[in-house]
Amino acid sequence: PTPVAPKKPEPEGVTFKVTGVAHYEKNVLALGDKNDDYRLSKRAMVEIGLEETRVWEYNFCPIKAELVPEPDNPHDPKAVKVVVDGLHVGYIKAGSCSRVLRMISEDRIQKIDVKVGGGRYKYLAVDYNEDGTEVYDLEQHELPFYVHLSIIEKKPEA
């Protein structure tokens, strides 16, 4: 039998980082839900197996992203506003606006996947004493909020 070549994975799309997210932090936070695990004590985190895992203060499950051209934007007539679940969260980076505007005007966008993240998190680090007993260190950190879009283009018609 002749070996069959594995199917190529479907393209995931082109990823764009959204700029200006810090200016729209209230809207970004409104997209999230408080994560109950974030309030857990170190002991409780150990008991349910959350070692070596980032436990975020907020969980984000955005549904719909829209791209809105802003030709009347006083700073940049090529600006493209990013709206997630009805909330303005930032803009497409200036260097990518022409490309995105072309995709919009040529009706080439099939789907927009959106990922939102960042904020405060806890991390339960595990180490071992000389006698082999586990030692837990609960660290708290914070990362800037971010919004990333993956734009999947329509397949050209054959």
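Mentor: Before we look at the hairpin, note that a strand here is a DSSP run of E with at least two residues, numbered from the N terminus, and that two strands pair if DSSP finds at least two bridges between them. The model is predicted, so local features need pLDDT of at least 70 and side-chain atom pairs count only at pLDDT 80 or more, while totals for chains, interfaces and linings use all residues. Residues are numbered from 1 along each chain as its sequence is written, and side-chain values use heavy atoms, with hydrogens and water left out.

Trainee: How do you know that β8 and β9 pair?

Mentor: The definition asks for at least two bridges, and 18 bridges join β8 (residues 109-128) to β9 (residues 134-153), which run antiparallel. One of the bridges has Val126 with Tyr136 as its partner in β9, and in the hairpin, with 5 residues between the strands, Gly132 takes a positive phi near 90°.

Trainee: What makes β3 and β5 edge strands?

Mentor: The open sheet has 7 strands in the order β3-β8-β9-β1-β7-β6-β5, with antiparallel pairing. Because β3 (54-56) and β5 (65-69) each have a single partner strand, one side of each is left without a neighbour in the sheet.

Trainee: Why is His88 called buried?

Mentor: Buried means under 20% relative accessible area (1.4 Å probe, protein chains only), and His88, with 15%, is therefore buried. His88 belongs to strand β7.

Trainee: What makes the approach of His88 to Gly90 a polar contact?

Mentor: A pair of N or O atoms must lie within 3.5 Å, with one able to donate a hydrogen and the other to accept it, and a polar atom of the His88 side chain lies 3.2 Å from the backbone oxygen of Gly90.

Definitions and conventions: Helix = DSSP H or I, 4+ residues; strand = E, 2+ residues; numbered from the N terminus. Buried < 20%, exposed > 50% of the residue type's maximum accessible area, 1.4 Å probe, protein only.
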